[in-house]
Amino acid sequence: MTNLISKVDVIVTSPARNYVLLKITTEDGVVGWGDATVNGRELAVASYLRDHLAPILVGRDADRIEDTWQYLYRGVYWRRGPINMAAIGAIDLALWDIKGKSLNQPVYQLLGGKVRDRVLAYTHATGWETSELLESVDEVLGRGLRAVRAQSGVPGLSTVYGVTRGIKRYEPAKRDLRPLEEEWDSSAYLRHAPKALAEVRAHIGDEVELLHDAHHRLTPIQAARLGKELEPLHLFWLEDLTPTENQEAFDLIREHTTTPLAVGEVHNTIWDCKDLIINQRIDYVRTCVMHAGGISHVRKIFDLADLYQVKGAPHGPSDVSPLTMAASVQLGMASPAFGMQEYMGYPEQVGTVFSPGYRLVDGYLTASDAPGLGVEIDEDAAREQPYDQAYLPVARTLDGAITNW
Ligand code: CS2
Ligand code: MG
């Protein structure tokens, strides 16, 4: 019995922000959808899928998900990399979607069935002034969430990651022909962030989980200082304190603080996080289900993490589509190591293309029980809203040198 792939389509759509959609159709008419969005580099991954992978997928057996993964991963020879792995991730998602639809089961059943009833989620609160941040936190908690990530402005700076002055909804990529240039000063940030977060903790009390993202900006010793200063606030985690490439930095941070550490949204294979996990340098691995080769690969990462009591907590910003979010929640239902799901939420217009199926109730996400990933796509609406150039910002320190955004 085979289920041959007959057609592979790539659609770059922009319902308020850009997404790369992959549609795989089999000879017996089953359609699977995948997401291959790499924020700010959408056309590169679309071309890779359309020009290099689609032609070699046609005629393959859609049922052989792991074999296709191995074929594409080993077959590229160059291995790893964000574009390659997002493309493989999109194909993997679409094939799991097809398998679920062919067998009339939600994907979590095919992964071994539920190990939990629902997946804990957090979302973002953002405000330039602390008073605005507290309002935003209240709004998040008012929606029933039990965990909130707080990001505030920094006095003396005009721009900061995660916050837009005067605008409630933050979106990292800006529509423009060139990246916006932001400014950054770690000293100013380190002076202000602990005070703002302490106000948030005092405002919400002890029971709400509080998180914060430093977005790769600090040196190891600055990171250690921040972790230590925030210890009394009992954060759920402190995210991306330092760039993940320097993995030994986490040993230094760990020597100084018991604040839990999360990292990994830019990882794209198990090789990027293996040493962090087995050396217990981190507490949460944030690898995104699509960016790291799909469900097939990320479940291996989380199974490795499980051996070391590290939890999986996938990246879930608005720049990965509701298809990736659905795949993440399906995996979360079936993965013992799953600890938390980022759920940033989406601009309303995204709903013109995606009907996601998963539900956010009382601060927890539950997977759709529909066959496959459970996401309905309005293909016409996607085609009617074409790609619109947008980039993530770049950042410079006050002396004008480029730093990590
Ligand atoms: C972030 C992201 O969600 C997060 O934790 O760090 O917003 C990140 O900046 C974007 O996904 C980049 O595209
Ligand atoms: Mg982050």
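Which residues does Ile24 touch, not counting residues up to four places away in sequence? That's where we'll start. Keep in mind that you're looking at a predicted model.

**Exercise 1. List the contacts of Ile24, then find the core it belongs to.**

Step 1. Skip the residues up to four places away in sequence, and you're left with Ile5, Lys7, Val8, Val30, Val31, Gly32, Leu57, Ile91, Ala94, Leu95 and Ile98.

Step 2. Now place Ile24 in the bigger picture. The largest nonpolar core has 120 residues, and Ile24 and Ile295 are the ones that touch the most other members. Helix 3 (residues 82-103) gives this core its largest share, 11 residues. Domain 1 (5-106) and domain 2 (110-371) each supply at least three residues to the core.

Step 3. Look for a second core. Apart from the big one there's another, made of 11 residues, including Tyr122, Ala147, Leu211 and Ala262.

Step 4. Add a bit of background: in soluble globular proteins, nonpolar side chains tend to be buried together.

**Exercise 2. Work out how the two domains meet.**

Step 1. Split the chain: domain 1 covers 5-106 and domain 2 covers 110-371.

Step 2. Take the centres over C-alpha atoms, and you get 26 Å between the two domains.

Step 3. Count who takes part in the contact: 38 residues come from domain 1 and 40 residues from domain 2.

**Exercise 3. Find the protein donors of the magnesium ion (ligand 2) and trace them along the chain.**

Step 1. Pick out the donors. They're Asp213 (OD), Glu239 (OE) and Glu265 (OE), and they lie 2.0 to 2.2 Å from the ion.

Step 2. Read their spacing along the chain, which is D-x25-E-x25-E.

Step 3. Put two of them on the map. Asp213 sits in strand 8 (residues 209-213), while Glu265 sits in the loop between strand 10 (261-263) and helix 9 (270-278), so this pair ties together parts that are 52 residues apart in sequence.

Step 4. Check whether the pair is buried or exposed. Both Asp213 and Glu265 turn out to be buried.

**Exercise 4. Describe the surroundings of ligand 1.**

Step 1. Start with the neighbours: 15 residues surround ligand 1, and the closest are Asn39, Tyr161, His215, Glu265 and Glu342. You've already met Glu265 as a donor of the magnesium ion.

Step 2. Go through some distances to oxygen atoms of ligand 1. For Asp213, a polar side-chain atom lies 3.1 Å from one. For Glu239, an N or O atom in the side chain is 2.9 Å away from an oxygen of the ligand. For His315, the corresponding distance is 3.2 Å.

**Exercise 5. Decide whether Arg60, Gln247 and Asp369 are buried or exposed, and say what they touch.**

Step 1. Take Arg60, in the loop between helix 1 (42-57) and helix 2 (65-75). Its relative accessible area is 15%, so Arg60 counts as buried. Beyond residues up to four places away in sequence, Arg60 touches Asn3, Leu4, Ile5, Asp67, Thr68 and Tyr71.

Step 2. Move on to Gln247, in the loop between strand 9 (237-239) and helix 8 (249-256). With a relative accessible area of 12%, Gln247 is buried too. Leave aside neighbours within four places in sequence, and Gln247 is in contact with Asp272, Asp275, Leu276 and Arg281.

Step 3. Finish with Asp369, in the loop between strand 16 (364-366) and strand 17 (376-377). Its relative accessible area is 54%, so Asp369 is exposed. Not counting residues up to four places away, Asp369 touches Pro106 and Tyr108. The side chains of Asp369 and Tyr108 make a polar contact at 2.5 Å.

**Exercise 6. Explain what stands out about the phi angles of Ala16 and His216.**

Step 1. Recall the general pattern: most residues other than glycine have a negative phi.

Step 2. Compare Ala16 with that. Its phi is near 80°, a positive value in a residue that isn't glycine. Ala16 is in the loop between strand 1 (5-13) and strand 2 (19-26), and it's partly exposed, with a relative accessible area of 26%.

Step 3. Do the same for His216. Its phi is positive, about 65°, although His216 is not a glycine. You'll find His216 in the loop between strand 8 and helix 7 (220-230), and it's buried, with a relative accessible area of 10%.

Definitions and conventions:
Residues are numbered from 1 along each chain as its sequence is written. Chains are lettered from A and ligands numbered from 1 in the order in which they are written. This is a predicted model: local features need pLDDT of at least 70, side-chain atom pairs count only at pLDDT 80 or more; totals for chains, interfaces and linings use all residues. Side-chain values use heavy atoms; hydrogens and water are left out. Helices (H or I, at least four residues) and strands (E, at least two) are DSSP runs, numbered from the N terminus. Buried means under 20% relative accessible area, exposed over 50%, partly exposed in between (1.4 Å probe, protein chains only). Contact means heavy atoms within 4.5 Å. A nonpolar core is a set of buried Ala, Val, Leu, Ile, Met, Phe, Trp, Tyr and Cys residues joined through side-chain atoms within 4.5 Å. Domain bounds come from an automatic or database domain assignment. Donors are N, O and S atoms within 2.8 Å of the metal (3.2 Å for Na, K and Ca); water is not among the atoms, so sites may look incomplete. A residue is near a molecule or strand if one of its heavy atoms lies within 4 Å of it. A polar contact is a pair of N or O atoms within 3.5 Å; within protein, one must be able to donate a hydrogen and the other to accept it, and residues adjacent in sequence count only if both atoms are side-chain atoms.
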